[in-house]
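Please open the structure in a viewer and keep the selection tool at hand. The stops below are to be taken in order.

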Amino acid sequence: MGKAFDPDEIARSLSTLDVHDYGDVLQCMRCGLCLPTCPTYRTDGLETQSPRGRVALIKAVIDGKMKASEEFVEHIYHCLDCRNCQTVCPAGVKAGELVLEARYRIEENRAQPLIKKFLLNYAILDQKRLAKLLAPLKIYQISGLQALVRKYDILKLVSDDLRFMEALTPKLPSRPLSEEISEEIPALGTERGRVGFFLGCAMNLIFADTSRATIENLTRVGFRVIVPKEIQCCGAPNIAEGERKIYREMAENTIRIFADRRVDYVVTDCAACGLELKTYREIFRKNPTFTGKAEEFSNKVRDVSEFLDSVWTPDIKLGPVPEIVCFHDPCHLRHGQKLTYPQRNLLNRIPQLDYRELPDEGQCCGSAGIYNITHRNRSMKILQSKIEAIEKTKAQAVISSNPGCLMQLAYGATHWNKGWNVVHISEVLNRSLRAGEKTG
Amino acid sequence: MNKTFAPRLEELLGSEKVLSSESELLCYSYDATPLTSFKPDAIVRAYNEEDIQKVLEFATQENIPVTTRGSGTGLSGGSIPVNGGIVLVTTAMNKIIEIDSEDLSVTVEPGVITANLHSAVEALDLFYPPDPGSMKISTIGGNVAENAGGLRGLKYGITGDYVMSLDTFLVDGSKVKYGTKCVKDVAGYNMTKFLVGTEGTIGVFSKIVLKLVPKPKTKKTFLALYDDVIDAARTVSTIISRKVIPSTLELMDQVTINCVEDYSQIGLPRDVVALLLIEADGHPAVVAEEANVIEEACKANNVRTLKIAKSKQESDELFTARRMALSALARAKPTTILEDITVPRPAIPEMMALIREVAGKFNILIGTFGHAGDGNLHPTCLTDERDLDEIDRVHQAYEIIFDKAISLGGTISGEHGTGVAKSKYLPRMVGPKAIELMRKIKACFDPTGRLNPGKIFPLER
């Protein structure tokens, strides 16, 4: 049995945060510079929907000036965790991270619904389990049932939410990548080093072909790729939903697995996984026995663009990709990992690729994990602004590097009839690398 | 006053415009002013003039205070509802109604974001100079109410210099319009100029006409680095005394430079004791001439290095870094308390010396930055509100700083307003007779004292 919702207990536990401390809350001088960049403030225009407001709410609860009411909890879950506020805050306030800490303290002190426990404490521990859960969906897609359902818009009669989720789901691969790929793939040509590949759940189960391309790209630039199959989830969904016990267990496991494989780097093609893996060093900071290992691990983690850009040599041949493109920065790449240049450097190297900058300074697409399902209305407004920004670039293809963003942007492209392709940067690079090989 | 009036406001305006939950009241209890917060009893988001009128009429019937608020970036507590009541938020009234490029003016609703106005008029080769540090989020309504300044103040003046006409709702919900689009207009008392800077204590603006000027053709940005803050301060007076008025003349001391560099990482040297950010703008020939004078003035005052921005991007980076100064200072310690004194420019070296002296005397950390070119300095105490003894020393230090500013012929506030934060010091500066007169004027417009109570004049409890 879980605990009943206990506002006093939440307030008490909030006063000792997990990774941060009260000084980090006080750091906010309420200047308001975060307001114009926050997606929820931009859509709702309310102080309660701003990073400054959220920090003020957390502070009020800690100070005993406000109860940790159901309303407080609701506000803490309105945040998309895009971390744009952290990019723009000159005072270095970690508003997004503080919200995640508040979620942790909330969830510790209230009953957890069974479905959530099942997903975060059980399903996520093993990608095979997750694959089985997705199997019915696959049958649905290949049996012709999906075509029928879509043709007659059957789900409209059942539930609008279900209909939305159905439309959001891309075509699933026949099998997860982990079941198809070998554990060690040698470099093409002279070996320059060993990289571990962290195959994230969504990439493995939904975007298998993309990660296949990522791995191939890594081998093409001279790296042996090690893909541990026993890998668990990075824990990003747990952190987002305020769960940290299973999270830490999975993180320890991941750190051990890659330590055993003796890799020089750990590369991932999922921006959310990348941020989470780099965050392990923070999450274990107060754990004296594990902090060193976590630090060592996080130091090795690289986003795929970050890695490729850093090891790029002039002799790597790229063929032409004659297309107008833009890059949607996943928040967990741009604001979470503070990476903007590597992906642009890579794209600008591709011959005939016409790269155009999105004119919205790294706004979120509204996907944000399961935010587009839990807060659909606002998520769709945020997506609409993104679609308008993309439109201004006149791009034919929208490139990104996070599975959630890819699904959201693909949904938007279909929903608003835009006809542009939505692809992962690995796929564009793969096309160019292959074309480069042909031209020699 | 009956505090449970929110449901009736909802009935009057529609529930989507009225906020009154516990979290909402908390989130409209503050602005950017440190250590000050009071909860309202309800918040109304006005979408049009009718909403403003209805709120004011309702508040009159019910005898409720009304505090107008834009984005809540004020630094003197101007939008904090000290006496509770209604917070009237104007951010949803954010239309640029008309840009008159024939007659060089722009008509806006009060909720337009300052930086959005800049980009809209600059696209037409026009220029709205006032640029407060918070311009990316501050509203024009708030800028007018506080008579906000900014980096370009010394050459171009401040918000009030650009306000041509104001549609204003008075406390009873009636509307008056003062001013015209005419460059010359001396009909009757100049109520437009009077209303600017009244901090929401006289009326609520619903439509604002601003003067525009042609966009400067070119500009040149300098970064001057010094080993002594007094040398930097002397450079300011030297430039002015040589009859050159740059469009920007900003000062940052070492504490500020380091905090700004920590955030922006644009390569500001951390070992310099002070820097000046100087910009000349206008016709290319004039800019070239002024640049020479600026260079000479810097060299005459022991500048260590004088750099010229090579590109627009480099110059933009420097300006952005400067605008971030206040928030960046908040990195160093949990609590940031800043002031806004202004002194005649020849007195800047003396003022800077005193700030340095009191910081040492009271053992507190003060970072000073500011618009040195117009004498407006922001000595900022980096402290911790949990350390009550230190907070007490901070207040003692400011007392001395205020007295010095007044004795040098300066003012306790250059651009942030009196608000709640400085109402205590106002009598000291203007004297009892002036306060009495101001109170009479206030009573003329708002006899029951319901418009933004507790500002400019301390609340009589």
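The tour goes from a whole chain to its domains and then to one helix pair.

**Chain B as a whole.** Select chain B, bearing in mind that the model is predicted. The secondary structure of this chain comprises 16 helices and 18 strands. Measured out along the principal axes, its C-alpha trace extends over about 65 × 60 × 45 Å. A compact globule of 461 residues would have a radius of gyration near 23 Å, and the 22 Å of chain B therefore agrees with that expectation.

**The domains.** Next, colour chain B by its domain assignment: domain 1 covers 6-89, domain 2 covers 96-214, domain 3 covers 217-322 and domain 4 covers 333-451. Then select domain 1 and domain 3 of chain B, whose C-alpha centres are 42 Å apart.

**A helix pair.** Now select residues 348-361 of chain B, which form helix H13, together with residues 388-407 of chain B, which form helix H14. How are the two helices, H13(B) and H14(B), oriented to each other? They pack at an angle of about 165°, with 10 Å between their axes; because angles over 145 degrees count as roughly antiparallel, H13(B) and H14(B) are roughly antiparallel. The crossing of H13(B) and H14(B) is right-handed.

**The contact.** Finally, display the side chains where these helices meet. H13(B) contributes B:Met351, B:Leu354, B:Ile355 and B:Val358, while H14(B) contributes B:Ala397, B:Ile400, B:Ile401, B:Lys404 and B:Ala405. The contact residues of H13(B) with H14(B) comprise 8 nonpolar, no polar and 1 charged.

Conventions:
Residues numbered from 1 in each chain as written. Chains lettered and ligands numbered in written order. Predicted model: local features only at pLDDT ≥ 70, side-chain atom pairs only at ≥ 80, totals over all residues. Axes fitted to C-alpha atoms, helices over the stretch in contact; angles between N-to-C directions. Helix = DSSP H or I, 4+ residues; strand = E, 2+ residues; numbered from the N terminus. Parallel < 35°, antiparallel > 145°, perpendicular 65-115°, else oblique. Left-handed = near helix turned anticlockwise from the far one by under 90°. Contact = placed C-beta atoms within 7 Å. Nonpolar A, V, L, I, M, F, W, Y, C, P; charged D, E, K, R; others polar. Domains from an automatic or database assignment. Rg over C-alpha atoms; globule rule 2.2 N^0.38 Å.
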